[in-house]
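Here is a guided look at one protein fold. Please keep the model open beside the text as you read.

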Amino acid sequence: MTEIRMTRNKQHYQLYVKNHAKTKMVCHAISSLVCCLAGALRNSDQVDRLITDMDYGDSHIDCYINGERAEEDFTAILIGFLQIQKNHPDEVKIEQNIFL
């Protein structure tokens with residue numbers, strides 16, 4: 001099961017993704033969202049510091065943001081994760097949802 005945790009402390013945002021889902025399709029969908037977020041943050045002028053550690057099965061994004069657009073990027077990716085979890089609840093677990 002893939003475990004996803006997103007945290008926020010003021011302007012400090014983190015995403016942790018660990019383990020594999022049962023099916024390649026779900027793994028690929030999650031990986032696509034992680035890569036999309038990392039790319040958006042790398043190309044954003046609203047990120048003060050960005051650290052990405054993306055490895056097969058485990059990923060971590062750690063950043064400080066200074067604008068609404070970067071926060072919206074995290075929100076959009078979270079919505080994607082929630083949709084995957086809704087359709088594949090036995091393969092994805094969101095441990096902490098920063099927007100609830």
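The report below goes through the sheet, the helices, an aromatic pair and a pocket. Please bear in mind that this is a predicted model.

**The sheet**

Let's begin with the strands. Five of them form an open sheet in the order β3-β4-β2-β1-β5, and the pairing is mixed. The edges are taken by β3 and β5 (92-96), each of which pairs on one side only. From one strand to the next, the twist averages 10°. As background, strands in a sheet pair through backbone hydrogen bonds, in either a parallel or an antiparallel sense.

The table lists the strand pairs with their sense and their bridges.

| Strand pair | Sense | Bridges |
|---|---|---|
| β3 and β4 | antiparallel | eight bridges |
| β2 and β4 | antiparallel | seven bridges |
| β1 and β2 | antiparallel | seven bridges |
| β1 and β5 | parallel | four bridges |

If you would like to trace the register by residue, start at the β3 edge. There, D53 stands opposite H60 in β4, and T52 has I61 of β4 as its bridge partner. H60 is also a good place to step across to the next strand, since Y16 stands opposite H60 in β4 as well. Moving on to β1, E3 stands opposite K18 in β2. On the way to β5, T2 has V92 as its bridge partner, while I4 stands opposite I94.

**The two hairpins**

Which strands are joined as hairpins, with two residues between them? One hairpin is made by β1 and β2, and K10 in its turn has a positive phi of about 60°. The other is made by β3 and β4, where G57 in the turn has a positive phi of about 95°. G57 will come up again at the pocket.

**The helices**

Now add the helices to the picture. Helix α1 lies across β1, β2 (12-18), β3, β4 and β5, and runs at about 150° to β3. Helix α2 (residues 68-87) packs on the sheet too, touching β1, β2, β3, β4 and β5. The direction of α2 makes about 135° with that of β5.

**An aromatic pair**

How many aromatic pairs does a search of the whole structure find? It finds one. The ring centres of Y13 and F74 are 4.8 Å apart and the ring planes meet at 40°, so this pair counts as tilted. The class follows from the cut-offs, because planes under 30 degrees apart would count as stacked and those over 60 as edge-to-face. Y13 belongs to strand β2 and F74 to helix α2, so the pair ties together parts that are 61 residues apart in sequence.

**The largest pocket**

Finally, turn to the open space. The largest pocket holds about 320 Å³. Its lining is made up of 17 residues, and those nearest the centre are H20, C27, S31, Y56 and G57. G57 is thus a residue to look at twice, as it also sits in the turn of the β3 and β4 hairpin.

Which elements give two or more residues to this lining? They are α1 (24-42), β3 (47-55) and β4 (58-65). Of the contributors, α1 gives the most, with seven residues. Sorted by class, the lining has seven nonpolar, seven polar and three charged residues.

Definitions and conventions. Residues are numbered from 1 along each chain as its sequence is written. This is a predicted model: local features need pLDDT of at least 70, side-chain atom pairs count only at pLDDT 80 or more; totals for chains, interfaces and linings use all residues. Side-chain values use heavy atoms; hydrogens and water are left out. On a 1 Å grid over the protein atoms alone, a cavity is a set of points where a 1.4 Å probe fits but cannot get out, and a pocket is an open set with protein on both sides within 12 Å along at least five of seven lines; lining residues have an atom within 4 Å of a point. Grid points are joined across faces, edges and corners, and a volume is the space filled by probe spheres set on the points. Ala, Val, Leu, Ile, Met, Phe, Trp, Tyr, Cys and Pro count as nonpolar, Asp, Glu, Lys and Arg as charged, and the others, Gly among them, as polar. Two strands pair if DSSP finds at least two bridges between them. Axes are lines fitted to C-alpha atoms, for helices over the stretch in contact, and angles run from 0 to 180 degrees between N-to-C directions. Contact means heavy atoms within 4.5 Å. Rings of Phe, Tyr and Trp (its six-membered ring) pair if their centres lie within 6.5 Å; planes under 30 degrees apart count as stacked, over 60 as edge-to-face and the rest as tilted.
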